[in-house]
Amino acid sequence: MRKDRLERLPLRPRRSSRETKIQAIDIIICIILVTYALLILFPFWSAFVISISSEEAYLQNNLLLWPTDLDLSSYKKVFTNDALWGGFGITMILLIGGTLYQLFFTVITGYALSRKNWTGKNLVMNMILVTMFFGGGMVPYYYLIRDLGMMNTIWVMIIPGAIDTFNMLLMRNYFASLPAEMEESAKIDGANDIVVFVKIFLPLSLPMLATIGLFFAVGNWNSWYNAMLFIPDKKELWPLQMVLKNLISKVSSNIENPDAREGYSEGLTMASIFFTIVPMMCFYPFLQRFFVKGIVVGAIKG
Amino acid sequence: MKNAKIIYGACITALLSIGALAGCKSKSGADKYDKNGRLILELKNVYFNNWEGADTYTETLNEMFQVAIRPTNYVYGNWDEMVNVAINGDNLTDVIHFNLKAYNFGSTYEKWVDGQIIKALPDDLSKWPHLQEMLSHVSNIDRLKYDGKLYCIPVMSDIVNYEKDFSNFTYVYRRDWAKQIDEMPVNVNNPNYIPIYKEGDVYTWEEFNRLLAAFKTHIKDITGTNQSIPLVDQPWAFPSVTNFYKEVPHCFVKDSNGKAINAFTSDEYMAGLEVAKNLASETIYSPDQGSFTEENDKAYQAYKGGFAGVLYDNFSLANYIQLREYMRKEPKLDDATALMKVKGPDGKFALEGTENWFSATMFNYDISEKKMNKILDIMDYLLSEEGTRLAIYGKEGYDYNIVNGEVELTEKGWEKGADGKYAPKDNGAKYLRYMATLGNDTKSFDPYTDMDAYNILNAWTEEMKQAKKDGLLRVVKEPADIDWMSTPTKNDKTEGLLADANVSASKYAMSYKGFDKNAYLDSFKNASWERVLKEINEKLGK
């Protein structure tokens, strides 16, 4: 091909003037999206600014846009607070141990229920499925936990959550979407069911594992309600969020208190909140690339 | 297929059986011992918030009474819920602590007695003389007895000054600002100007209103801020100015015939509410006062932030010390946190009446006699002179010595921080004493007490006591026969009615759109109010 001919050929399709021109609608959409993003980001920013500003500056103006009268004493108090570190330790146990435990049971159940033609599959499936729609209720659940002897133990925050039905369904759908021929060929080569699961299906499921792992991890990180109900008498087993709730719980001044009220300032509250959310905020972006993919692949096959 | 169904059935039956067997457990409250053979005591109290139970003073008590004390606490914000969850879940500790009030005792305490949830104290308390002495001074104690038996230990506010029957719900104000306003050239040069600051902080109703008006005009000039709130109330107390008009603090008042009527629609309360409405419309109250909550703490923030002139709150010693701690950067702390004594239009001070106790310690019905006796032993000991010294000073020979009959603190036991104050240390004895008393009897010699705050508050209390003797203090209190009356609807509804009434009062005072006087009065025309009043009047024979 001649050189002048090559030069005449456009390397990429030319855009029409209509395409390159920024239209009014683009600006409106842009403004809406930026506003929406700011609305989401502002509470975080505001909390951060309050946490590093002096109490006097905050009291003068509750709506701080920029750090005023920089004061890191709130963070100093947070980082030297034994209760928060204790809660952090418990939450890490829940995060790692609880998440692995939940992943294990959810994944093996999902896998088993994705396999064809085993006797009782539908019965098991329906028994699990029914828990999505009908619960026993809070009071029976409370009595069950109490009578199983799990009150005031860390197990109450781990064991009952073995299988999450929704996530198990995602897993099951994903496994079911993988070609059955892979299993058949592996079995022809002599692999048993466990080998097929561990060496073939599990490696192909990493996006899904990351997705539901993230669900579990976020759930475990934020958990406090079970601790409030079932661990009322052992503060040393309270997870981080429960410790935080206890710390920032404001005492109504018409409750007589023999000791001075906790002088928990707004700065300290915000610093504590940051202490509890930053680790998860750091963790989240690394798994986010799996996140959407995992949801989609799990949901396409019914 | 048939075999498979049998197998499923068998499996499900087996699972259900295991579940049912798991439900069989020993009854709670059975005596348990630690590895040293000491009786384990599980004690729960809202004031144990900062106590882990592993200090040397707790160990002293453990050794002395051969027990293993296991303290836990209720979270302040969920106190009532946590007690109710434990009771309904049959998961009680040996000792519980509840925010018992006249208005909730029928729906809680009375039911717990009937339901065998809580255990009666022994009839003969002579084995515990200090406890017995304390209980003999508890106000309205007979209301808490069933068949002559007492099922709780009311936590007394002050076991020495137990006659005090009024609360510390009052005003603190910026005395420094009042003085500054009087000294402003514009006022000094005005021959008609009447100074607003009153020596001794005693204000007549007219003077109080004049001070609020002056604060409205001048706070911004004094502080240089763009915010100004002459008067701010803690949300639970709004509108505080009604205290100078109303006859009772809560729901029910008697009319001239002795018949119970709704206190929130009485002429006296409505007069007070109109005053509050006027103050709000003149922006003496902040336009946001109606949206203040305990959680957002805006009332305190306004005062701490230096743009509120007068604050209404419960100034117990602990709360007053805390306020002074918040205001510590003020050059004249006493002037910035001065207690104000306001006389109402009738020329009298008005303070809300109260029992001389707050909350109650109760015992799990299932605990053994041995365990209960041990707990009572400990409580009695902590009310004795020796026990009080352990709770306040620590251990003799280590924390303090007795020299010439006086307590002398030791340096090794009482280290001081950089601020010159005694470094905090955990003392379980002090926390355990809160099961019987809030400890106001020890504040005057507690090394941790801010004595400046104590002296100011004590002087205020003495002044109010004297005013009461002189007939110049009106104690705003519900008639005891109604307050402690138990009827089915009253027990269940009073708390809700009170909360709704406060919301209505707040809306009316703040002139919420569409909430005029008729709407306010209509908010009380409902079946609950009618039924409760009917039941009360039937019992009163009216």
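What share of the contacts in chain B with a separation of 6 or more comes from residues 24 or more positions apart? The share is 77%. The legends below describe a predicted model.

**Figure 1. Chain B as a whole.** Chain B of this predicted model contains 20 helices and 18 strands. Along the principal axes, its C-alpha atoms fill a box of roughly 100 × 70 × 55 Å. The chain has 542 residues, and 43% of them count as buried.

**Figure 2. The two domains of chain B.** The domain assignment splits chain B into domain 1 and domain 2. Domain 1 joins residues 39–161 with residues 358–433. Domain 2 is drawn from three segments: 167–239, 285–352 and 451–477. Between the C-alpha centres of domain 1 and domain 2 of chain B lie 35 Å.

**Figure 3. The largest nonpolar core.** This core has 77 residues. B:Val172, B:Leu311 and B:Met340 make the most contacts inside it. Take B:Leu311 as a starting point for the view. Beyond its neighbours within four places in sequence, B:Leu311 is in contact with B:Tyr171, B:Val172, B:Val232, B:Ala299 and B:Tyr303. Another core, of 64 residues, lies apart from the largest one. Among its members are B:Phe48, B:Leu61, B:Tyr400 and B:Met435.

**Figure 4. An open sheet of five strands in chain B.** The strand order is β8-β13-β7-β12-β9, and the pairing is mixed. Why do β8 and β9 of chain B each have one side without a neighbour in the sheet? Both stand at the edges with a single partner strand, so one side of each stays free of a neighbour there. The edge strand β8 covers residues 202–203, and β9 covers residues 229–233.

**Figure 5. The pairing of β7 and β12 in chain B.** Strands of a sheet pair through backbone hydrogen bonds, in either a parallel or an antiparallel way. Strand β7 spans residues 169–173 of chain B, and strand β12 spans residues 308–314. The two run antiparallel and are joined by five bridges. One residue to find here is B:Tyr171, whose bridge partner in β12(B) is B:Tyr312. B:Tyr171 is also one of the contacts of B:Leu311.

**Figure 6. Where chain A touches chain B.** The contact draws 32 residues from chain A and 41 residues from chain B. On the chain A side, the elements that give two or more residues are α4 (55–60), α8 (138–147) and α13 (225–230). Of these, α8(A) gives the most, with four residues. By class, this side of chain A has 13 nonpolar, 11 polar and eight charged residues.

Technical notes:
Residues are numbered from 1 along each chain as its sequence is written. Chains are lettered from A and ligands numbered from 1 in the order in which they are written. This is a predicted model: local features need pLDDT of at least 70, side-chain atom pairs count only at pLDDT 80 or more; totals for chains, interfaces and linings use all residues. Two residues are in contact if their C-beta atoms, placed from the backbone, lie within 7 Å. Ala, Val, Leu, Ile, Met, Phe, Trp, Tyr, Cys and Pro count as nonpolar, Asp, Glu, Lys and Arg as charged, and the others, Gly among them, as polar. Domain bounds come from an automatic or database domain assignment. A residue is buried if 20 or more other C-beta atoms lie within 10 Å of its own, exposed if 12 or fewer, and partly exposed in between; C-beta atoms are placed from the backbone. A nonpolar core is a set of buried Ala, Val, Leu, Ile, Met, Phe, Trp, Tyr and Cys residues joined through C-beta atoms within 7 Å. Two strands pair if DSSP finds at least two bridges between them.
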